[in-house]
There are 2 protein chains.
Amino acid sequence: MEWRAAVRVTLKPGVLDPQGKAVQGALHAQGFRTVSEVRVGKYIQLALTAESRREAEEAVERMCRALLANPVLEQFAIRVWPAEQGEEETP
Amino acid sequence: MEWRAAVRVTLKPGVLDPQGKAVQGALHAQGFRTVSEVRVGKYIQLALTAESRREAEEAVERMCRALLANPVLEQFAIRVWPAEQGEEETP
């Protein structure tokens, strides 16, 4: 069965985010002065085959630990849904 | 009022994603051979003040068009929620 997965990889709380700080500075320079914090992470979309949703979720979790995220600095969250449902709508 | 926002920035369909292809190749090399597609985008978390949810959403949309996304190559999706609800749970 075909599955889609979305993985959100974000820095753990307390880990300094220089890229986020740079974006925040650029937003302030453009007049968006009400922004008090910016953090930049990754959003990874996958297509994969697996026998069940659980098997797909476990495979994606192993991918995160092996390659997609840095477990020292980053945390991740996974969502899996059947491919026939198409793309997800909300971030 | 304090708001949190999450912005998912992804390449438009049809735009080549060399970073995604590289990740897919690395996953295959690690034995994850059921993965047929990988696309890598950005996941941006913001904290901001605004009078209403609608005002916050409109501000974040302006930020996307001005700076956070490249409107030629990328699409974006925005979610805004009250800061007192804390972090969101799912990707």
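# Exercises on the interface of chains A and B

In this predicted model, 39 residues of chain B are in contact with 39 residues of chain A. The exercises below work through that interface.

**Exercise 1.** Determine how much area chain B and chain A bury between them, and which elements and residue classes make up the side of chain B that touches chain A.

*Solution.* Begin with the area: the size of an interface is often given as the accessible area lost when the parts come together. For chain B and chain A, about 3400 Å² is buried between them, and 62% of this lies on carbon and sulfur atoms. Next, consider the polar side of the interface, where the rule finds twelve residue pairs in polar contact, both residues being at pLDDT 80 or more. Then turn to the elements: those of chain B that give two or more residues to the side touching chain A are β1 (2–11), α1, β2 (35–49), α2 (53–68) and β3 (74–82). Of these, β2(B) gives the most, with 15 residues. Finally, sorted by class, the side of chain B that touches chain A has 21 nonpolar, eight polar and ten charged residues.

**Exercise 2.** Find the salt bridges across the interface of chain B and chain A, and explain why the pair A:Arg4 and B:Glu37 joins two chains.

*Solution.* Start from the whole structure, in which a search over all chains finds six salt bridges. Across the interface of chain B and chain A, the rule finds two salt bridges. A:Arg4 pairs with B:Glu37, the closest N and O atoms being 3.8 Å apart, which falls within the 4 Å cut-off for a salt bridge. Because A:Arg4 lies in strand β1 (residues 2–11) of chain A and B:Glu37 in strand β2 of chain B, the pair joins two chains. A:Glu37, for its part, forms a salt bridge with B:Arg4, and there the closest N and O atoms are 3.8 Å apart.

**Exercise 3.** Describe how α2(A) is placed against α1(B), and how α1(A) is placed against α2(B).

*Solution.* Two packed helices are described by the angle between their axes and the distance between the axes. The axes of α2(A) (residues 53–68) and α1(B) (residues 18–29) come within 11 Å and cross at roughly 105 degrees; these helices are therefore roughly perpendicular to each other. A:Met63, A:Leu67 and A:Leu68 of α2(A) make the contact with B:Val23, B:Ala26 and B:Leu27 of α1(B), and by class this contact has six nonpolar, no polar and no charged residues.

For α1(A) (residues 18–29) and α2(B), the axes come within 11 Å and cross at roughly 105 degrees, so α1(A) and α2(B) are roughly perpendicular to each other. Here A:Val23, A:Ala26 and A:Leu27 of α1(A) meet B:Met63, B:Leu67 and B:Leu68 of α2(B), with six nonpolar, no polar and no charged residues in the contact.

Technical notes
Residues are numbered from 1 along each chain as its sequence is written. Chains are lettered from A and ligands numbered from 1 in the order in which they are written. This is a predicted model: local features need pLDDT of at least 70, side-chain atom pairs count only at pLDDT 80 or more; totals for chains, interfaces and linings use all residues. Side-chain values use heavy atoms; hydrogens and water are left out. Axes are lines fitted to C-alpha atoms, for helices over the stretch in contact, and angles run from 0 to 180 degrees between N-to-C directions. Helices (H or I, at least four residues) and strands (E, at least two) are DSSP runs, numbered from the N terminus. Angles under 35 degrees count as roughly parallel, over 145 as roughly antiparallel, 65 to 115 as roughly perpendicular and the rest as oblique. Contact means heavy atoms within 4.5 Å. Ala, Val, Leu, Ile, Met, Phe, Trp, Tyr, Cys and Pro count as nonpolar, Asp, Glu, Lys and Arg as charged, and the others, Gly among them, as polar. Buried area is the accessible area (1.4 Å probe) that two parts lose on being put together, summed over both. A salt bridge is a side-chain nitrogen of Lys or Arg within 4 Å of a carboxyl oxygen of Asp or Glu. A polar contact is a pair of N or O atoms within 3.5 Å; within protein, one must be able to donate a hydrogen and the other to accept it, and residues adjacent in sequence count only if both atoms are side-chain atoms.
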